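Hi,

Here is the structure I promised to pass on. Have a look at it first, and then read my notes underneath.

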Amino acid sequence: MLVDSHCHLDRLKLDKFDGDLDAVLELARDRGVGKFLCVGISLDNADAVVEIASRYRDVVCSVGIHPLDVESGLAGVDKLIAMAERPNVVALGETGLDYYYSTETKDVQQQSFIAHLQAAGSAQLPVIVHTRDAREDTIDLIRTHGNLETAGVLHCFTENWEMARSALDLNYYISLSGIVTFKNAGELRDVARKLPLDRLLVETDSPYLAPVPYRGKANIPAYVREVAEFIAELRGIPYEQLAEITTENFFRLFPRAA
Ligand SMILES: [Zn+2]
Ligand SMILES: [Zn+2]
């Protein structure tokens, strides 16, 4: 079994599937995907992800406010805790810091990230962290405000080994997406070779970032298989072993997903 640890099922482009999410999930199941974590990004889409998770036995969800969505509305610690109590919610996020696309909202991003880390501590939930061009601040805030027991994951990881090492030291997991298959991702492949296998997750981040050979096309959860096969080959281990380990890791990090 394989898990897509990060997908946006409410945002998939379904035109090739006659608008039918069932068909997209079925395609993934046929390729061995047995669990999907549908990730929330804003106050607005929390209802949508909770609703999708309620419809399928193999879909769970998270609620949170993406660092690039902070302007659409913020939630304080109490509100986040209340959101986390909704059915099938297994984590808070995605939250985090993205200075690549937006530095003007830096302060608000930090404030929102801290609220998520504190709420996750109170609710005993792991955190799904999005981080780009904000290495030091991300690690500092996790260290200062995070709960190291319930920890979290740096999703769609694209940073360097030093940052991976710091996150691992804070009990965090690292999730790799299709970016690892991209031609220009040599440094990331070095990280992928070095990561301890028991801290590794795989994801699609669909509908974004389809792996080779689908790069540039709409991404779907079925392609997590390509990501996993690619990493298995990179590490010189059988695909089945990588699938099994990353699945175990997923359920250890997100115990409520079981
Ligand atoms: Zn993200
Ligand atoms: Zn995402």
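To check a helix against its length, I take the expected span as 1.5 Å times one less than its number of residues. Keep in mind throughout that this is a predicted model.

**Helix 8**

Helix 8 runs over residues 224-235, twelve in all, so at 1.5 Å a residue it should span 16 Å. The C-alpha atoms at its two ends are 17 Å apart, which agrees. Quite a few of its residues are tucked away: Val-224, Glu-226, Val-227, Ala-228, Ile-231, Ala-232 and Leu-234 are buried. What covers them? The cover on the buried residues of helix 8 includes strand 1 (2-7), strand 2 (33-39), strand 7 (173-176) and strand 8 (200-202). Helix 7 (186-194) and helix 9 (239-253) are also part of that cover. Just past the end of helix 8, Gly-236 has a positive phi of about 70 degrees.

**The two zinc ions**

Let me start with the zinc ion (ligand 1). Its protein donors are Glu-94 (OE), His-130 (ND1) and His-155 (NE2), at 2.0 to 2.1 Å. Along the chain, those donor residues are spaced E-x35-H-x24-H. Glu-94 sits in strand 4 (residues 89-98) and His-155 in the loop between strand 6 (152-154) and helix 6 (161-169), so this pair ties together parts that are 61 residues apart in sequence. Glu-94 and His-155 are both buried.

Now the zinc ion (ligand 2). Which residues hold it? The protein donors here are His-6 (NE2), His-8 (NE2), Glu-94 (OE) and Asp-205 (OD), and they lie 2.1 to 2.5 Å from the ion. The four donor atoms subtend angles of 84 to 178 degrees, and therefore the arrangement is irregular. For comparison with the other site, the spacing in sequence is H-x1-H-x85-E-x110-D. Distant parts of the chain are linked here too: His-8 is in the loop between strand 1 and helix 1 (21-30), while Asp-205 is in the loop between strand 8 and helix 8, 197 residues away. His-8 counts as buried because its relative accessibility is 2%, and Asp-205, with a relative accessible area of 7%, is buried as well.

You will have spotted Glu-94 in both donor lists. Glu-94 bridges the zinc ion (ligand 1) and the zinc ion (ligand 2), and the two ions lie 3.4 Å apart.

**Cysteines**

How many disulfides are there? The count comes to zero. The sulfur of Cys-7 has its closest cysteine sulfur in Cys-38, 5.8 Å away, and that is too far for a bond; the cut-off for a disulfide is 2.5 Å. Seen from the other side, Cys-38 is in no disulfide, with the sulfur of Cys-7 as its nearest. Cys-7 has 0% relative accessibility, so it counts as buried. Cys-38 is also at 0%, and it counts as buried for that reason.

**Gln-109**

One last residue to click on is Gln-109, in helix 4 (residues 106-123). Is Gln-109 buried or exposed? At 0% relative accessibility, Gln-109 counts as buried. Leaving aside residues up to four places away in sequence, Gln-109 touches Pro-67, Leu-68, Val-70, Gly-96, Leu-97, Asp-98, Tyr-99 and Ser-102.

Cheers

Technical notes:
Residues numbered from 1 in each chain as written. Chains lettered and ligands numbered in written order. Predicted model: local features only at pLDDT ≥ 70, side-chain atom pairs only at ≥ 80, totals over all residues. Heavy atoms only, no water. Helix = DSSP H or I, 4+ residues; strand = E, 2+ residues; numbered from the N terminus. Buried < 20%, exposed > 50% of the residue type's maximum accessible area, 1.4 Å probe, protein only. Contact = heavy atoms within 4.5 Å. Donors = N, O, S within 2.8 Å, 3.2 Å for Na, K, Ca; no water. Tetrahedral: all angles 85-135°; square planar, octahedral: opposite > 155°, others 65-115°.
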